[in-house]
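Biologist: I am new to this structure and would like a close look at a single part of it, the place where the two chains meet. Please take me through that part, and then through what can be said about its surroundings.

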Amino acid sequence: MKKYLQSYHAFLPGTFMRWILYLVYPVAMVALFFVGRLWFEQMALMMVVPIVMLGAECMIDMFVFGGFGAKGNARIEYMMASVKGKGMVNRALAVDWIRRLLYFIVMAAFVYAFSYWEQGGNLDEMMVQLFVCILAAATFLMSIALWVIRLIDNRAVQFGALYIVINLPAWLFMILTKKFEMNFKWLGLACMVLLAISVAGQIWFLTKKVREGYYDV
Amino acid sequence: MNIESILTVNNLKKKFKGFVLDIPELRIPKGFSTALIGENGAGKSTLFHVISGTRLDFTGEIDYFQGEKEEKKIREWVGYTSTGGYFMPNWSISQVGNVGSLLFDNFDKERYQALLEELAVKGPEGKKKKEKSISKLSDGMRMKVMLASVFARDTKMLLLDEPASPLDPLMRDKLCSMIREYIHQGAGEKSVFFSTHNIADMENVTDYAIIMEKGQIVEQGFVEELKEKYVAVKGESGDAGKASQILFSFQENSFGFEGICMAKDLDKLAGMDVATETPSLSQISVAVMKHYTSLRS
């Protein structure tokens, strides 16, 4: 466990990023939920929190693995000269996604539990399905944005990808549910499956980039 | 003199973007400091990439530490610095130390911190300043961090690719001292193999020289042997025509001519008014590189 965390922390740009990742960011999301309740209805807030988290995760990743898969960037010779280099990258990428998914799950559980308590146990099933669907969709779209952020070493393009995915969930949701009358439950499930494929593919692709660094041709 | 080799290369070939590295045999003597000299594009970095294990697309055999086969031991015992993307750009100097501890079992963090102070990369621990990221450091500072990271490890061979290039004269002198101390402390068990395109800066720390041109080794030997093999010659303008046919490298100037002659051809200069002296390694390297470049052009 310690080795995994150390590998992940090796990619964080400075101690301040650990403060942001482990303290500022989670506290800000919880604060957003409570403050947001003063202005937004429950349903709107359930949509806002995942999308804000999506944006925050993309921003953080720009400074951690941003551009890592771009041509030549995975060729870090300090790591390549050691037999432990490839393993370190694999562990860092895995811990990064575990942390991210854990944050989403914990935040979702918190939002659900608080709403359940607030509603006296009478949560609308449709609302719950909607919330899970939004969460799954946001996480999946975030994984797509991370493909761009990690493969293109250009801040403008990375911010462009971030902008698109922040706006995309609302549009897609309206199109898929209103026009195609898609069931929330199946949409959420589909997003979870796609998320799993996207995450696995991304880790595989980036570790492949590290392996390719050992070859000039 | 039977000298042990710390590194032996046989039939090494690597093709890269129209360039071919072709080395039938290469031996790095153990317990000495070896310089790999060559002009830009000669293949020095390509050779170092292969030896350091950061490039695997080559054919041939490399024998490390007289037959050591365990990859982990080899990588632990080799301290490598390069000219390319060595660190992650967003790493701080302290992070380099943390990552070093993860990557190498023999990395000494305290020694690393001490070296950073010794090389004036950062001040003593009592005077903490905000650390810059690697990307914001100058080339010279980045090289100092690289050197600190390899000298902080308990290695048996240092593989330094153009370590002197980005350094100021004072730091180059310091580097030479560090290399001499490293070899002295090793008592014959530690070796240094470094590359340079300007040997004048590192000549006083070079025991063995290998000269490379267009991916091939064109000359090699202990410095003292090379200085016996080649002779620096200066002569009058009147003898320039005849001397140009004999000298290994030849250059006319306003006083006459000067160049390098093979010691075995010295008797061919009989009858000419010439002065001879022992050439520097820098003069020998330039002469050899010029000679082989002209043959291939």
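Modeller: What follows goes through the interface of chain B and chain A, then a cavity, a pocket and a salt bridge elsewhere. Keep in mind throughout that this is a predicted model.

The interface comes first. On the side of chain B, 32 residues are in contact with 28 residues of chain A. The size of an interface is often given as the accessible area lost when the parts come together. For chain B and chain A, that buried area is about 2600 Å², with 60% of it on carbon and sulfur atoms.

Next come the polar links between the chains. Between chain B and chain A, 15 residue pairs are in polar contact, counting pairs with both residues at pLDDT 80 or more. Side chains of opposite charge can pair when their charged atoms come close. Across the interface of chain B and chain A there are 4 salt bridges. One of them joins the side chains of Arg55(B) and Glu77(A), at 3.6 Å from N to O.

Several elements of chain B build its side of the interface. Strand S1 (5-16), helix H1 (44-52), helix H2 (71-77) and helix H3 (93-103) of chain B each supply at least two residues of the side that touches chain A. H3(B) gives the largest share of that side, with 6 residues. Sorted by class, the side of chain B that touches chain A holds 13 nonpolar, 11 polar and 8 charged residues.

Turning to enclosed space, the model has 1 cavity of 30 Å³ or more. About 40 Å³ of space lies in this largest cavity. Its lining includes Ala74(A), Ile76(A), Met79(A) and Met80(A), together with Gly85(A), Lys86(A), Val89(A), Val210(A) and Tyr214(A). Helix H4 (77-80) and helix H5 (85-118) of chain A each supply at least two of the lining residues, and the largest share, 3 residues, comes from H5(A). By class, the lining of the largest cavity divides into 7 nonpolar, 1 polar and 1 charged.

There is also open space to describe. The second largest pocket has a volume of about 330 Å³. It is lined by 13 residues, and those nearest its centre are Lys71(A), Gly72(A), Arg75(A), Tyr215(A) and Asp216(A). The lining of the second largest pocket consists of 5 nonpolar, 2 polar and 6 charged residues.

Last, the salt bridges of the whole model. Over all chains the count is 30 salt bridges. Among them is the one between the side chains of Asp139(B) and Arg142(B), at 3.4 Å from N to O. Asp139(B) and Arg142(B) both belong to helix H5 (residues 139-151) of chain B, where they lie 3 residues apart, about one turn of the helix.

Key:
Residues numbered from 1 in each chain as written. Chains lettered and ligands numbered in written order. Predicted model: local features only at pLDDT ≥ 70, side-chain atom pairs only at ≥ 80, totals over all residues. Heavy atoms only, no water. 1 Å grid on protein atoms, 1.4 Å probe; cavity = no way out; pocket = protein on both sides within 12 Å on 5 of 7 lines; lining within 4 Å. Points joined across faces, edges and corners; volume = space filled by probe spheres on them. Nonpolar A, V, L, I, M, F, W, Y, C, P; charged D, E, K, R; others polar. Contact = heavy atoms within 4.5 Å. Buried area = accessible area lost by both parts, 1.4 Å probe. Polar contact = N/O pair within 3.5 Å; in protein donor to acceptor, adjacent residues only side chain to side chain. Helix = DSSP H or I, 4+ residues; strand = E, 2+ residues; numbered from the N terminus.
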